[in-house]
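Me: I'm new to this structure and would love a close look at how neighbouring helices pack in one part of it. Could you walk me through that, and then link it to some other spots along the chain?

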Amino acid sequence: MASPCNDNLLLATDSYKVTHHRQYPPGTETVYSYFESRGGKFPEVLFFGLQYIIKRWLVGQVVTREKIEEAKAFSDAHLGPGLFNYSGWMHILEKHGGRLPIRIKAVPEGTVIPYKNVMVTVENTDPKCYWLTNYLETLLVQVWYPCTVATNSRAQKTVIAEYLNETAGSLDELPSKLRDFGCRGSTSIESAAVGGAAHLINFNGTATIAGAVLARDYYGCEMAAFAIPAAEHSTITSWTKEREADAYKNMLTTFPDGTVACVSDSYDILHACENIWGSQLKEMVEDRGMRGAGPLVIRPDSGDPATIVVQVLDILGSKFGYETNSKGFKVLPPYVRILQGDGVNYESLKEILANVKRHGWSVENVSYGSGGGLLQKVDRDMLKFAFKCSYAIVNGQLVNVYKDPVTDHGKISKKGRLTLELDAEGHYFTTTEGRGDAAKDLLVTVFENGELLKEYTFDEIRQRAEVPLCKVCTTV
């Protein structure tokens, strides 16, 4: 049976790029391009995911005669006979053993960098393969997705950290405060893996197994995330409405130790909290606390998130009591917590946190799960990612290349060879037109001529990407 996904690098491009070897000026020897965020929703970008693409697609012999013949046959039918660069690919096979004569430099993964700065540069190392640089654009630009998910996730971590600092005084629980619930809404297991791993740069909780597997297989992290036993609606509603209390009791008896989460809105979340958890099963819940067995996490899953979370907090507080912490905010007993896993995104999260604080509750009482808002409701334009040629050598002449459309000057591209440097205050800036100091260039050669030259671990990426408030608290 044929593979459901394309594993032929030669076909992992846009159709029209197959014809580009004929479009560059005669005598072209080098094409040098770069990748950046031109702006967008957030002022800075967390760079992550290039190592996965390189390992998955570029390392070693990735060009074979079979792949060349397959791509030629496809292109002849798709574009018309004679347009496929058969001799160019055969040159790579015969001279380079099927290894790509390409150099990729990139900012270290986990770096948080202001937009409009170079993050990646790509150039050919064989003058006969000038056309290869931008042939790889289609594949390499897909790093936009893990960068965007990681950036969006980190922005939410920053907001949660601020509210925890204000209402709890401790950031110890921060890494587990936002869980990835997005696998089922992803377009594929691979996209869930890539996005899921990107989220795990910032947090250690997930329901997306694929993300943790990618972190293990491509970034050397044996276990990047942790999960807990949790109910879904089918495991509750199959007991029927009349036996809803039995369904909840079953969760407590089946999982007597450790944290357990139970979705409780199948019929009436307020009734469930008031009359079932807070009355019929109250002693069993309190027993978990006396035994130090781990908390029951009650999960609302419908209604307006900012409203329902506070309503549930108020009911649970009236039933189980609460203490006031050193910051003056109410905290439920440690054996009862809430998980809001519906309707959570960057915007709604801020509303929920603000409303929890407004009603006198510490945000430490609540954790969050996000699906579509984390892995699906993003696109390349959210951070305006682009890959553009900025430099070429044609007939021995150095050419600074750029675009500046009169209809949208926001799409102006950079000129010449680029470096990424730090100024005296430690701020990133990009130098253009070859005027940078190579000794100060922060871009690292990560791939050259078929070899991965620099490999990052998940742990170091996490450390590099940590939010400022956590770094401050760690050093105090």
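**Helices that meet at an angle**

Reply: Let's start with a pair of helices: α6 and α7 are oblique to each other. Please keep in mind throughout that this is a predicted model. Helix α6 covers residues 144-167 and helix α7 covers residues 189-199. Their axes are 8 Å apart and make an angle of about 40 degrees. The label "oblique" follows because roughly parallel is kept for angles under 35 degrees and roughly perpendicular for 65 to 115. As for its hand, the crossing of α6 and α7 is right-handed.

Which residues bring α6 and α7 together? On the α6 side they are Tyr145, Pro146, Val149, Ala150 and Ser153. Facing them from α7 are Ser191, Val194, Gly195, Ala198 and His199. Sorted by class, this contact of α6 with α7 has six nonpolar residues, four polar ones and no charged ones.

Now follow α7 to another partner. Helix α8 spans residues 209-219, and the axes of α7 and α8 cross at roughly 70 degrees, coming within 7 Å. That angle makes α7 roughly perpendicular to α8, because the range for that label runs from 65 to 115 degrees. From α7, the residues taking part are Ile189, Ala192, Ala193, Val194, Gly196 and Ala197. From α8, they are Ala210, Gly211, Leu214 and Ala215. By class, the contact of α7 with α8 counts eight nonpolar and two polar residues, again with no charged ones. A nice residue to find in the 3D view is Val194, which meets α6 and also meets α8.

Back in α6, a good residue to look at is Gln156. Is Gln156 buried or exposed? Gln156 is buried, and its relative accessible area is 0%. Setting aside neighbours within four places in sequence, Gln156 touches Leu178, Val344, Asn345, Tyr346, Leu349 and Leu374. Several of those numbers are a long way from 156, and that suits the chain as a whole: among contacts between residues at least 6 apart in sequence, 76% join residues at least 24 apart.

For the wider setting, the chain has 17 helices and 18 strands. Of its 476 residues, 53% count as buried. The C-alpha atoms fill a box of roughly 80 × 60 × 40 Å along the principal axes.

With that picture in mind, you can visit another helix. Ile92 sits in helix α3, residues 86-96, and Ile92 is buried too, with 0% relative accessible area. Apart from neighbours within four places, its contacts are Val63, Gly97, Gly98, Arg99, Pro101, Cys129, Trp131 and Leu132. Ile92 and Phe447 are 355 residues apart along the chain, while 16 Å separates their C-alpha atoms.

The loops have their own points of interest. Lys403 lies in the loop between β14 (397-400) and β15 (419-422), and its relative accessible area of 30% makes Lys403 partly exposed. Beyond neighbours within four places, Lys403 is in contact with Lys388, Lys411, Ile412 and Ser413. Of these, Ser413 is ten residues from Lys403 in sequence, with a C-alpha to C-alpha separation of 5.4 Å.

Two other loop residues have a positive phi. Most residues other than glycine have a negative phi. Thr240, in the loop between α9 (233-237) and α10 (244-254), has a phi near 80 degrees. Thr240 is partly exposed, at 35% relative accessibility. Asn395, in the loop between β13 (385-394) and β14, has a phi near 55 degrees. At 55% relative accessible area, Asn395 counts as exposed.

Finally, how many disulfides are there? The count is zero. Take Cys273: its closest cysteine sulfur is in Cys262, 10 Å away, so the two are too far apart for a bond. A pair would have to be within 2.5 Å to count. Cys273 is buried, with a relative accessible area of 0%, whereas Cys183 is partly exposed at 26%.

Notes. Residues numbered from 1 in each chain as written. Predicted model: local features only at pLDDT ≥ 70, side-chain atom pairs only at ≥ 80, totals over all residues. Heavy atoms only, no water. Buried < 20%, exposed > 50% of the residue type's maximum accessible area, 1.4 Å probe, protein only. Axes fitted to C-alpha atoms, helices over the stretch in contact; angles between N-to-C directions. Helix = DSSP H or I, 4+ residues; strand = E, 2+ residues; numbered from the N terminus. Parallel < 35°, antiparallel > 145°, perpendicular 65-115°, else oblique. Left-handed = near helix turned anticlockwise from the far one by under 90°. Contact = heavy atoms within 4.5 Å. Nonpolar A, V, L, I, M, F, W, Y, C, P; charged D, E, K, R; others polar.
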